[in-house]
Amino acid sequence: MLDNLNWWEIGALLLLALLIFGDRLPAVITDGLRLVRNLRNMARNATGDLSRELGTDIQLEDLHPKAFIRKHLLSEEDEAAIRKPLQGVYDNLRADVSGVHNDLKDVANAADLRSNGSSPASTATSSPSAPAPAPRVSYDDAT
């Protein structure tokens, strides 16, 4: 839940909470934890009631409407029939994007070669002891 926060932001939030709630902070934290515990129990009871009523095993994650329909109402054949028309479009789009990506890499490599030496004669006159430039790290390699 807090995966996108770094340590400085968490520390700032804790400091802000301390400034706002002051001496009442431990009581506020226990009340918040009690609320979360009660909500979990209510969700667990609701899923148990649904499981008993429907006669199937329902998990808390299954309560999302798409997941519920996919798991309990659609068969594998129905799901494949729904996905089949979109799969071709997805494959075509992926092939086009990868083609554009490869073309951009080729252009970037060509531009990199031109920036290192403006003419082939300049590369021939350079000393052989000069170190080769470090390869550039692309965004795709870093991610």
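Glutamate 61 sits in the loop that runs between α2 and α3, the latter covering residues 65-73. In this predicted model, glutamate 61 has a relative accessible area of 60%, so it counts as exposed. Pick out its C-alpha atom and then the one of threonine 47: the two residues are 14 apart along the chain, and their C-alpha atoms are separated by 9.7 Å. Threonine 47 itself is one of the buried residues of α2.

Let's step back and look at the whole chain. The protein chain has six helices and zero strands, so reading along the sequence you just meet α-α-α-α-α-α. How much of the chain is buried? Of its 143 residues, 6% count as buried. The protein chain exposes about 12700 Å², and carbon and sulfur atoms supply 62% of that area. As for contacts between residues at least 6 apart in sequence, 10% of them join residues at least 24 apart.

Before going into side chains, check how far the model can be trusted. The average pLDDT for the protein chain is 78, and 77% of the residues score at least 70. Confidence is highest in helix α2 (residues 25-54), at a mean of 89, and lowest in helix α5 (residues 120-125), at 48. Over residues 120-127 pLDDT stays under 50, and the model has one contact beyond four places in sequence for that stretch. Where pLDDT is low, the predicted coordinates should not be read in detail.

So α2 is a good place to spend some time, given that its mean confidence is the highest in the chain. Does its length come out as expected, or not as expected? At 1.5 Å a residue, its 30 residues should span 44 Å, and the end C-alpha atoms turn out to be 43 Å apart, which agrees. Leu25, Thr47 and Ser51 are the buried residues here, and the buried residues of α2 pack against α1.

Serine 51 deserves a closer look. This α2 residue has a relative accessible area of 15%, and because the cut-off for buried is under 20%, it counts as buried. Which residues does serine 51 touch, once neighbours within four places in sequence are left aside? They are Thr56, Asp57 and Ile58. Just after α2, on the way to those residues, glycine 55 takes a positive phi of about 80°.

Now for the charged pairs. The structure holds two salt bridges. In one, arginine 34 pairs with aspartate 31, with the closest N and O atoms 3.1 Å apart. Both residues lie in helix α2, three residues apart, which is about one turn of the helix. Arginine 34 is partly exposed at 44% relative accessibility, and aspartate 31 is partly exposed too, at 42%.

The other bridge links aspartate 49 with arginine 52, and here the closest N and O atoms are 2.2 Å apart. Why are these two about one helical turn from each other? Because they are three residues apart in helix α2. An α-helix has 3.6 residues a turn, so residues three or four places apart point the same way. Aspartate 49 is partly exposed, with 39% relative accessibility, whereas arginine 52 reaches 62% and counts as exposed.

Finally, turn to the nonpolar side of the surface. Leu13, Leu16, Ile20, Phe21 and Val28 form a nonpolar patch there, with about 420 Å² of accessible area together. Which helix gives the largest share of the patch? Helix α1 (residues 7-21) does, with four residues. Phenylalanine 21 is found in helix α1 and, at 31% relative accessibility, counts as partly exposed. The cut-off for joining a patch is over 30% relative accessible area, so phenylalanine 21 qualifies at 31%.

Definitions and conventions: Residues numbered from 1 in each chain as written. Heavy atoms only, no water. Buried < 20%, exposed > 50% of the residue type's maximum accessible area, 1.4 Å probe, protein only. Contact = heavy atoms within 4.5 Å. Areas by Shrake-Rupley, 256 points an atom, 1.4 Å probe, with all protein chains shown as cover. Patch = residues over 30% accessible without salt bridge, like charges linked within 9 Å, V, L, I, M, F, W, Y side chains within 5 Å. Salt bridge = Lys/Arg side-chain N within 4 Å of Asp/Glu carboxyl O. pLDDT = per-residue confidence, 0-100. Expected span 1.5 Å × (residues − 1).
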